[in-house]
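Trainee: I should like to learn how the terms used for a protein model are justified. May we look at one together and ask what each term rests on?

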Amino acid sequence: MSLFYQDFKLGVLGGGQLGRMLIQEAINYNLQVSIIDPDASAPCKSLAHEFTQGKLTDYDTVLDFGRQCNLLTIEIENVNTEALKQLELEGVVVYPQPDIIEMIKDKVSQKKFYRDNDIPTAPFITVENKKDVANASLSLPFVNKLAKEGYDGRGVQVIRSEDDFARAFDAAGLVEEFVDFEKEISVIVARNKQGEIKVFPAVELEFHPEHNLVEYLHAPANISQENNTQAREIAIQIITRLEMVGLLAVEMFITREGKVLVNEIAPRTHNSGHQTIESCTTSQFNQHLRAILGLPLGDTSIITPAIMVNLLGEEGHTGPARYEGLEEVIALKGVYVHLYGKAITKPFRKMGHVTITGNDRESLAEKAKFVKQTLKVKS
Ligand SMILES: Nc1ncnc2c1ncn2[C@@H]1O[C@H](COP(=O)(O)OP(=O)(O)OP(=O)(O)O)[C@@H](O)[C@H]1O
Ligand SMILES: [Mg+2]
């Protein structure tokens with residue numbers, strides 16, 4: 001069946017903002033996208049060719065949905081991979097491959113993958129419960145992570161002293177050395193089934209000091225040429241070793257000694273690639289489509305430097321979303337607003353993002369600060 005015919009169906013597990021921006025690209029290729037998401041008012045709801053409300057972790061739900069598609073992909077890792085494996089047996093193409101999703105959705109198996117493949121990462125010890133954390137032979141401070149289902153930093157905590165043992169996660173996971181990093185960066189790499197690989201330039205992530213969400217993303221990252229090359233090679237090494245088809249985001253630390261360590265990977269489009277829409281020749285969403293459809297990959301060069309700001313729900317506001325300062329921000333040259341269409345705002349919920357483009361680093365940072373101070377999501 002040809003990709004570009006009306007009867008070709010691309011299914012996406014997850015209907016949030018990543019799916020929504022993927023649909024925007026799919027429209028240009030005249031592709032029909034079916035979406036499944038547990039939330040009846042998910043951001044993709046009214047944009048998908050077909051929308052199914054259903055649980056992504058339920059075997060039968062995923063199986064039934066997938067059987068109606070020619071090609072399946074994901075926008076979230078927490079999906080039923082057993083059903084995806086069955087669908088592969090039945091002839092549905094699933095990219096990224098289910099066994100890779102399965103490995104990545106568990107932080108312990110991810111870390112073992114790095115260790116087994118000589119990919120630089122912080123030393124770690126696996127734990128089953130709280131008691132193991134307290135007994136771990138790792139010097140304090142260290143970081144305690146849940147194996148599964150953590151996101152936006154919710155399954156990650158720093159254990160600074162023995163007093164913190166009491167609040168360690170009482171579940172399977174790991175403890176790893178605290179990395180005294182200078183910077184956090186991300187590199188997005190894509191690979192198609194023909195084995196072609198293209199890498200986006202590294203970006204630098206500036207996190208909110210308390211809430212573990214990206215506050216400012218700087219593209220390109222202001223790092224040494226050497227670190228740039230190392231980060232790029234690590235990303236290529238991982239996707240090659242996995243023989244993965246699709247897009248892979250590789251989050252890394254640059255330590256104070258100038259070493260590059262992998263923190264974690266995500267086999268999908270990623271928050272750290274939103275700026276590619278305006279600042280690169282090919283966007284991450286377009287690249288993901290190219291990769292999973294077996295098309296030639298797009299050029300990843302930067303057209304213009306950019307800063308991306310996540311538009312988060314204001315603290316103290318829960319309810320129907322209202323946007324303050326939109327017009328002032330839209331009026332600025334080189335500033336691009338993306339709203340995700342979420343009806344309800346909650347503190348720190350990702351409601352949209354803004355990309356600020358420009359060649360001068362200083363005025364770029366000033367504009368980004370202005371956007372951050374002006375644009376607010378309230379209830
Ligand atoms: N070993 C470490 N040493 C120091 N800081 C760390 C370490 N591991 C994680 N962190 C910090 O915690 C943040 C969240 O960790 P991680 O990316 O593993 O969690 P997550 O919840 O899966 O991520 P995401 O926010 O990408 O959904 C990192 O971005 C980093 O700032
Ligand atoms: Mg992370």
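Trainee: Which residue is the bridge partner of V187 in strand 14?

Mentor: The bridge partner is V250. Please keep in mind that this is a predicted model.

Trainee: What makes strand 10 and strand 14 a pair?

Mentor: Two strands pair if at least two bridges are found between them. Strand 10 (residues 181-191) and strand 14 are joined by 10 bridges, so the requirement is met. The two strands run antiparallel.

Trainee: How do you know that strand 14 also pairs with strand 15?

Mentor: By the requirement of at least two bridges: strand 14 and strand 15 have 6 bridges, in the antiparallel sense. Within this pair, E251 stands opposite E264 in strand 15. The two strands form a hairpin with 4 residues between them, where G258 takes a positive phi near 85°.

Trainee: Why is strand 14 called mostly covered?

Mentor: A residue is buried when its relative accessible area is under 20%. In strand 14, 10 of its 10 residues are buried, and the description therefore follows from that cut-off.

Trainee: What makes E251 and E264 ligands of the magnesium ion (ligand 2)?

Mentor: A donor must be an N, O or S atom within 2.8 Å of this metal. E251 and E264 each coordinate the ion through OE, at 2.0 to 2.2 Å, so both satisfy the limit. E251 belongs to strand 14 (residues 246-255) and E264 to strand 15 (residues 260-266), so the pair ties together parts that are 13 residues apart in sequence. Both E251 and E264 are buried. Water is not among the atoms, so a site may look incomplete.

Trainee: E264 has now appeared in strand 15. Which cavity does E264 help to line?

Mentor: E264 lines the second largest cavity, together with K107, Q110, K111, K145, L174, E176 and N263. About 40 Å³ of space lies in this cavity. Helix 5 (107-116) gives the most to the lining, with 3 residues, while strand 9 (173-177) and strand 15 each supply at least two.

Trainee: How do you know how many of these lining residues are charged?

Mentor: Asp, Glu, Lys and Arg count as charged. On that basis the lining has 5 charged residues, beside 1 nonpolar and 2 polar.

Trainee: What is the volume of the largest cavity, and why is such a space called a cavity?

Mentor: The volume is about 60 Å³. The name applies because a 1.4 Å probe fits there but cannot get out. Of the 13 residues in the lining, F200, P201, V203, Q275 and T276 are the closest to the centre. Strand 10 and helix 8 (276-279) each give two or more residues to this lining. By class, the lining divides into 7 nonpolar, 6 polar and no charged residues.

Trainee: What volume has the second largest pocket, and what makes a space a pocket?

Mentor: About 270 Å³ of space lies in the second largest pocket. A pocket is an open set of points, whereas the probe cannot get out of a cavity. The pocket is lined by 17 residues, of which L312, G313, E314, K372 and K376 are the closest to its centre. Strand 16 (306-312), helix 11 (361-374) and strand 22 (376-378) each give two or more residues to the lining, and strand 16 gives the most, with 4. The lining has 8 nonpolar, 4 polar and 5 charged residues.

Trainee: Why are strand 6 and strand 8 said to stand at the edges of their sheet?

Mentor: The open sheet has 4 strands in the order 6-9-7-8, with antiparallel pairing. Strand 6 (124-127) and strand 8 (156-159) each have a single partner strand, so one side of each is left without a neighbour in the sheet. The twist averages 25° from one strand to the next. Strand 7 (residues 142-146) is joined to strand 8 by 4 bridges, and K145 stands opposite V156 in strand 8.

Trainee: What makes strand 3 and strand 5 edge strands in the sheet of 5 strands?

Mentor: That open sheet has the order 3-2-1-4-5, with parallel pairing. Strand 3 (50-53) and strand 5 (93-94) each have a single partner strand, so one side of each lacks a neighbour in the sheet. Strand 4 (residues 71-74) and strand 5 run parallel and are joined by 2 bridges; as at least two are required, they therefore count as a pair. L72 stands opposite V94 in strand 5.

Notes:
Residues numbered from 1 in each chain as written. Chains lettered and ligands numbered in written order. Predicted model: local features only at pLDDT ≥ 70, side-chain atom pairs only at ≥ 80, totals over all residues. Heavy atoms only, no water. 1 Å grid on protein atoms, 1.4 Å probe; cavity = no way out; pocket = protein on both sides within 12 Å on 5 of 7 lines; lining within 4 Å. Points joined across faces, edges and corners; volume = space filled by probe spheres on them. Axes fitted to C-alpha atoms, helices over the stretch in contact; angles between N-to-C directions. Donors = N, O, S within 2.8 Å, 3.2 Å for Na, K, Ca; no water. Buried < 20%, exposed > 50% of the residue type's maximum accessible area, 1.4 Å probe, protein only.
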